[in-house]
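Let's take a friendly walk through this model together, starting with one whole chain and ending with a pair of helices.

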Amino acid sequence: MSRERYEMVVGLEVHVQLKTRTKAFCGCSTDFGAPPNVNTCPVCLALPGALPVLNERAVELATRAALGLGCRVNPVSVFARKNYFYPDLPKGYQISQFDQPLATGGSVVIGKNEKGGDVQIGITRLHMEEDAGKSIHDRYPGATAIDLNRAGVPLIEIVSEPDIRTSAGAGAYLRTLKQILQYLDVSDVSMEEGSLRVDANISVRPPGQATLGTKTEVKNMNSFSAVERALEAEFERQCALLDSGGKVEQQTLLWDGARETVRPSRTKEGSHDYRYFPEPDLRPLIVDEKWISDARKHLPELPEARKQRLAQEFGISHVEVEQLTATPALSDYFEAVARASGDGKSAYNWVMGEVLAALRPSGGDIAHFRVRPADLAELLNLVRDGTISHTAGKRVFGQMVETGKQAAQVAADEGLLQVGDEGAIATWVDEVLSEHPEEATRYLAGEKKLQGVLVGFVMKKSKGRADPKRVNQLLSTRGG
Amino acid sequence: MIRASFQRAREIGAGADGLNIFLHSDESASLEEADAMKRHLESAPDAGVLAGVPVAIKDNIASLGLPTTCASRILAGYVSPFEATAITRLRANGALIVAKTNMDEFAMGSSTENSAYGPTRNPHDVRCVPGGSSGGSAAAVAAGITPIALGSETGGSVRQPAAFCGVVGVKPTYGRVSRYGLVAFASSLDQIGVLGRTVEDAALGLETIAGFDKLDSTSSDAKVPIYRLSALGGPAPETRSPDTEAIRLGRSPVPLAPSPGATTLRGVIIGKPKEYFPDSLDASTKDLCERAFDRFRSLGATIRNISLPRSPLAIPVYYILAPAEASSNLARFDGVRYGLRVDPGKGLKAMYEATRSQGFGPEVTRRVLLGTYVLSAGYYDAYYKKAQAVRTLITDDFRSVFASGVHAIFTPTTPTPAFQVGAISDPYEMYLNDIFTVTANLAGVPAMSVPIGRVRRLPVGGQIITAHFDEFTMFRVAYALEAALGAEAHQ
């Protein structure tokens with residue numbers, strides 16, 4: 001098998017749209033999904049005489065991202081023009097950064113190796129740039145339509161070192177990166193909406209060889225798993241090529257998801273000469289020390305830190321905490337429930353169980369979930385102190401989701417408050433024994449394993465209100 | 001005033017079959033505007049320092065109402081949906097925009113012969129060019145059609161036509177006037193400038209349009225003095241705060257004619273850079289400069305011989321940097337969103353090629369190609385980067401001269417007076433017209449040309465250069481020279 005004789009070397013370029021209200025260099029809205037060409041103005045249409053003015057908020061978010069990824073933020077960075085002709089690039093150049101990027105030299109930890117050490121992927125640079133518009137080739141026969149709503153939306157490009165060695169590693173890197181950016185609250189990081197896009201540089205070499213092989217660039221992946229599959233396909237292709245005595249040619253390839261294969265891009269990307277030069281319409285970007293240290297001070301808690309803190313504070317396991325911190329919204333919700341109820345374990349069970357199940361059908365967002373953490377905590381408290389049973393609790397939760405009412409209110413309205421009163425329970429037990437004479441006889445004759453069945457009948461009869469502990473006790477005395 | 005402007009334009013033959021000064025104007029709309037202004041003035045006498053004054057605008061400055069074509073086929077008929085900040089400020093002070101003036105296509109040229117709509121002629125001698133690229137604006141002022149016109153500079157495009165047409169032309173410090181709405185040629189050099197019949201007209205025009213603009217990141221928030229006060233001599237006595245919106249200056253508190261004796265230059269040191277007085281300099285031009293130096297001396301100024309040793313490198317540096325930026329700035333004229341589109345129906349690339357080949361004239365094409373070349377991989381360091389380094393040295397020369405105590409530098413504006421239409425066909429020879437003016441653009445310092453006499457019938461201009469943002473001293477020297485020369489300035 002040829003692939004065992006080679007090692008995959010991958011570096012990823014990730015473009016991320018920043019979550020600003022307005023575009024990078026003009027006041028137009030960045031709303032996704034507006035009718036074509038509505039969010040445009042003389043600046044982002046590149047009308048003659050219009051000039052860019054940098055959106056400070058974009059710098060703020062880019063700086064936050066850089067700090068969160070452990071980069072050094074450069075006190076002076078320079079915008080540059082990347083020149084090329086394309087109909088969805090109105091100015092004929094993209095404002096980007098070239099030899100003096102906003103930030104350099106970061107890293108992310110994507111997991112542990114066999115020896116228990118961190119697997120770390122280096123980040124070469126993070127720079128600011130603007131998005132292009134969209135070319136729509138399939139709407140009008142024989143013509144291409146241009147939508148410039150996206151033109152000028154602020155982006156950061158995060159370039160990794162060629163530290164990735166497997167397709168799974170690439171996936172892990174992307175998931176980690178996405179999670180960090182979510183926690184930093186700088187982007188929607190949605191591949192579906194195009195707010196996160198990935199290009200991969202891949203080469204192969206015999207393991208142990210220090211120099212890098214000739215790389216190709218793979219584009220057009222629309223999901224993390226597509227990235228993994230594309231890397232596998234291109235790895236196979238390069239290995240086979242070398243094995244057959246061929247040479248890898250530096251080129252740009254497009255992932256074809258339907259055919260699970262890569263094919264050469266029609267445009268000769270490799271031969272592009274972007275003629276970069278410093279953007280004369282913008283002054284160098286100067287970020288002062290104090291601004292950086294303030295940004296560092298106000299950096300949101302990152303996923304790793306939050307995992308450790310939640311595990312420690314609420315006594316939950318490593319596996320559980322991984323699930324709970326998948327997104328910042330989920331971990332915020334959990335933390336609020338756990339804190340208000342004082343019971344991390346139940347909070348975990350309820351959030352990962354009932355809450356996610358309730359959200360699933362609508363694909364809803366936990367940040368806007370109808371049952372607020374404080375309301376769920378109240379329900380948890382009612383179950384814990386025995387006011388309602390666990391079974392009743394689930395019914396109450398269902399009603400809360402449906403009606404938006406408080407737990408205590410629902411429990412009272414539905415008559416679900418747990419009954420601990422001996423007389424009432426004794427009545428239910430007697431009724432059950434007389435309604436199920438066969439089970440009753442066998443049970444009273446000593447068939448102890450039927451106790452569970454009888455408890456079930458009592459719970460059903462009481463509509464979950466009977467305290468199961470008492471029911472068990474009472475049955476035991478009868479049976480005994 | 002507006003009626004008189006159009007009357008004068010007719011008398012002098014400013015139309016396309018005559019001097020060919022204007023590309024666009026609308027007399028009836030202008031007269032309506034003037035009537036509205038007249039009614040407004042009856043109720044509001046404080047309608048601005050330029051209330052009712054007709055102003056002509058170079059056709060590369062975006063205006064509402066009249067087209068903005070940059071004298072190019074590629075923008076034929078294009079009307080901007082927004083207006084340049086400089087024009088907004090003129091209007092806010094009561095000015096009426098009466099016409100858009102002819103120019104070299106995209107401001108690339110020194111004679112206004114590179115217009116897609118035919119050359120403009122010099123009002124002093126119709127066989128001669130008016131200079132360029134702001135030739136139409138200079139000719140409009142010289143012909144007495146408007147007292148003030150806006151032009152633009154990248155390498156001397158206001159000062160050189162001002163010199164050829166015998167008017168005053170000012171290029172302010174880079175960043176002094178917002179470039180918002182000025183169609184970019186070379187963004188790091190471009191600056192809107194003012195042409196005026198007198199120093200005062202030019203000062204008034206610049207006061208109106210100068211100041212910070214949040215729409216131009218390279219505009220400066222340095223305070224803007226009332227330049228007309230420089231007529232009184234002495235340092236800037238009053239400044240106004242930077243503005244973000246259009247400014248209304250109100251009625252001027254300034255005496256409109258300087259009192260006799262106020263124009264002394266006692267204590268002022270004027271530098272005479274040897275690099276700007278080469279042996280090859282036209283003898284008559286040199287004599288007129290010497291006469292100006294004599295006047296400076298009689299006004300009490302000290303003349304100091306200085307050197308700006310890197311100035312001779314300015315032309316090659318300029319013709320690397322300006323085309324480099326132009327090649328990128330003109331990429332937006334691609335036939336996709338506005339302007340000319342020529343589509344042979346053979347795909348996107350063919351559409352780009354046909355549109356741009358037919359839309360741009362030969363000089364624009366030459367510079368776009370040159371600029372694309374110098375920015376190409378493998379050539380960037382040898383050309384663009386090196387040129388930037390030399391640009392810094394040229395700027396350092398100016399800084400050290402002004403740091404040594406020199407207040408202003410005086411040079412000829414151009415090596416020769418106006419030449420005849422069609423006389424220069426070699427592009428490089430044409431580029432040498434800017435030899436004394438490009439340095440100020442490269443260094444970003446303010447500079448202006450004032451009439452200092454004539455050779456035969458043709459005007460000659462003298463150039464005054466001062467330190468960054470010291471337009472006040474520049475105007476002070478200009479006022480003094482204008483007053484001292486009197487009628488000699490036009491003899």
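What follows covers chain B, the contact between the chains, and one helix pair.

This is a predicted model, in which local features need pLDDT of at least 70, side-chain atom pairs count only at pLDDT 80 or more, and totals for chains, interfaces and linings use all residues. Residues are numbered from 1 along each chain as its sequence is written, while chains are lettered from A and ligands numbered from 1 in the order in which they are written.

Chain B holds 14 helices and 13 strands (DSSP runs of H or I with at least four residues, or of E with at least two, numbered from the N terminus). Of its 491 residues, 59% are buried, that is, 20 or more other C-beta atoms, placed from the backbone, lie within 10 Å of their own. The C-alpha atoms of chain B fill a box of roughly 70 × 60 × 45 Å along the principal axes.

Chain A meets chain B through 24 residues, against 34 on the chain B side; contact means C-beta atoms, placed from the backbone, within 7 Å.

Now for the helix pair: α7 and α9 of chain A pack at about 45 degrees, with axes 8 Å apart.

| Helix | Residues |
|---|---|
| α7 of chain A | residues 328-341 |
| α9 of chain A | residues 373-384 |

Which residues of α7(A) and α9(A) make the contact? Among them are A:Y333 and A:A340 of α7(A), and A:L376 and A:L380 of α9(A).

Definitions and conventions:
Buried ≥ 20, exposed ≤ 12 C-beta atoms within 10 Å, placed from the backbone. Contact = placed C-beta atoms within 7 Å. Axes fitted to C-alpha atoms, helices over the stretch in contact; angles between N-to-C directions.
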